[in-house]
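Biologist: I would like a close look at one part of this model, an aromatic side chain and its surroundings, followed outwards into the rest of the fold. Please give the cut-offs behind each term as you go.

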Amino acid sequence: MKTIADAIRSGTSFLVAAHYNPDGDAIGSTAALGHVLTALGKEVSLYNHSGMNCRYDWVQAPSSITSELPEKMPEWTIILDCGNAERMGDNLRARLDETRVINIDHHLGNPEFGELNWVDKRHPAVGTMIADLAEELDVELSGSLAEAVYLAVSTDTGFFSYGNTTPESLELAAKMLRNGLDLQTVNMHINKQWTENRLRLFNEVVGRVELFENGQVAVAPVTREMFEKTGTAPSDTEEIINFVRKLKSVRVAALLREEGDEQWKFSLRAHGDDNVQEVAASFGGGGHKNAAGGMASGTLEEARASLVKSIVDMVGL
């Protein structure tokens, strides 16, 4: 972290990017680091292959998070929350040789693809890493910077309810509250984002949840037909898996989202000692112990069967 802080102090121009289809940690960390760099007088561009997730368009970043790369790449590109290089998107990957790369991440199995790498799985969110970096660089955690950090940390810890919540993350939240963070307002922005179409998608998906292994595994399918029927998009599937995980008997919840012909993106959630990262890794994916994902192929029935088998074998149900 200190080496990266030194690079930031001496550098002049930066591009900040995170994984495509960005979640709260990706968007929050991108905006937060943008604020830190702007406070230091640096030239900053914010990028995401998928652009800004409309669910987080309330976030006040120092500039727009755009899906267009600058014509001339900056001196440094800082890539956040990407467990592997593929998740940054092909457009950025194709231009990495035009810039120097800093990799900041907390995922298991990160291959350390940057010139400078800060990968620490002990952090519950990249947002806590950006907060540490801000303190190292003497930038106060307040205002829009604090809101962005809180978005990142709260969404990746399930509002401080998941097993990855640390004493340090709770102390960070307390510090930002003392610095003036309006917790009620920012929580309203994070949580009050559903549309009528999203509610209809939720109804479609939950109605097709199937249980396996005496209710210990729950699988929720999301097909392209469902998206078309409800006028929704992949970003509208966020939170569905966490709702399914609330079932009393369920140890592992899975969401299978149709991405293409016989291609399914899966997300896995678990509790306690159940390690779904190993399940995801068996499909070429990755993530965290209790939250991971990857890709499965075949028909819905085939993808579901292979995923359930891997869960049973590796989690030990």
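Does Phe202 count as buried or exposed, and at what relative accessibility?

Modeller: Phe202 counts as buried, at 16% relative accessibility, where buried means under 20% relative accessible area, exposed means over 50%, and partly exposed lies in between, with a 1.4 Å probe and protein chains only. The model is a predicted one, in which local features need pLDDT of at least 70 and side-chain atom pairs count only at pLDDT 80 or more, whereas totals for chains, interfaces and linings use all residues. Residues are numbered from 1 along each chain as its sequence is written, and side-chain values use heavy atoms, with hydrogens and water left out.

Searching the whole structure gives 4 aromatic pairs, a pair being two rings of Phe, Tyr or Trp (its six-membered ring) with centres within 6.5 Å, called stacked when the planes are under 30 degrees apart, edge-to-face when over 60, and tilted otherwise. One of them joins Tyr150 and Phe160, whose ring centres are 6.2 Å apart with planes at 45 degrees, so this pair is tilted. Tyr150 belongs to helix α5 (residues 143-156), while Phe160 sits in the loop between α5 and α6 (167-178), 10 residues away along the chain; helices (H or I, at least four residues) and strands (E, at least two) are DSSP runs numbered from the N terminus. Tyr150 is itself buried, with a relative accessible area of 4%.

Phe202 pairs with Phe243: their ring centres are 4.9 Å apart and their planes stand at 75 degrees, so the pair is edge-to-face. Because Phe202 lies in helix α8 (residues 196-206) and Phe243 in helix α10 (residues 240-244), the contact between the rings ties together parts that are 41 residues apart in sequence. Phe243 is partly exposed, its relative accessible area being 41%, and ring pairs link Phe202 and Phe243 with Trp194 into a cluster.

Helix α8 also holds Val206, which counts as partly exposed at 29% relative accessibility. Between Val206 and Ile79 the C-alpha to C-alpha distance is 35 Å, and the two are 127 residues apart in sequence.

Another ring has a charged side chain over its face: Arg245 lies over Tyr162, 4.8 Å from the ring centre, by the criterion that NZ of Lys or CZ of Arg is within 6 Å of that centre and within 35 degrees of the ring normal.

Further along the chain, helix α12 (residues 300-316) has 17 residues and reaches 23 Å from first to last C-alpha, close to the expected 24 Å, the expected span being 1.5 Å times one less than the number of residues. Its buried residues include Leu300, Leu307, Ile311 and Val315, and among the elements that cover the buried residues of α12 are β8 (217-222), β9 (252-260) and β10 (263-270), contact meaning heavy atoms within 4.5 Å.

Elsewhere, 6 strands form an open sheet in the order β3-β2-β1-β4-β5-β6, with parallel pairing, where two strands pair if DSSP finds at least two bridges between them. The edge strands are β3 (65-66) and β6 (116-119), each with a single partner, so one side of each is left without a neighbour in the sheet. Strand β5 (residues 100-105) pairs with β6 over 4 bridges in the parallel sense, and Ile102 has Leu116 in β6 as its bridge partner.
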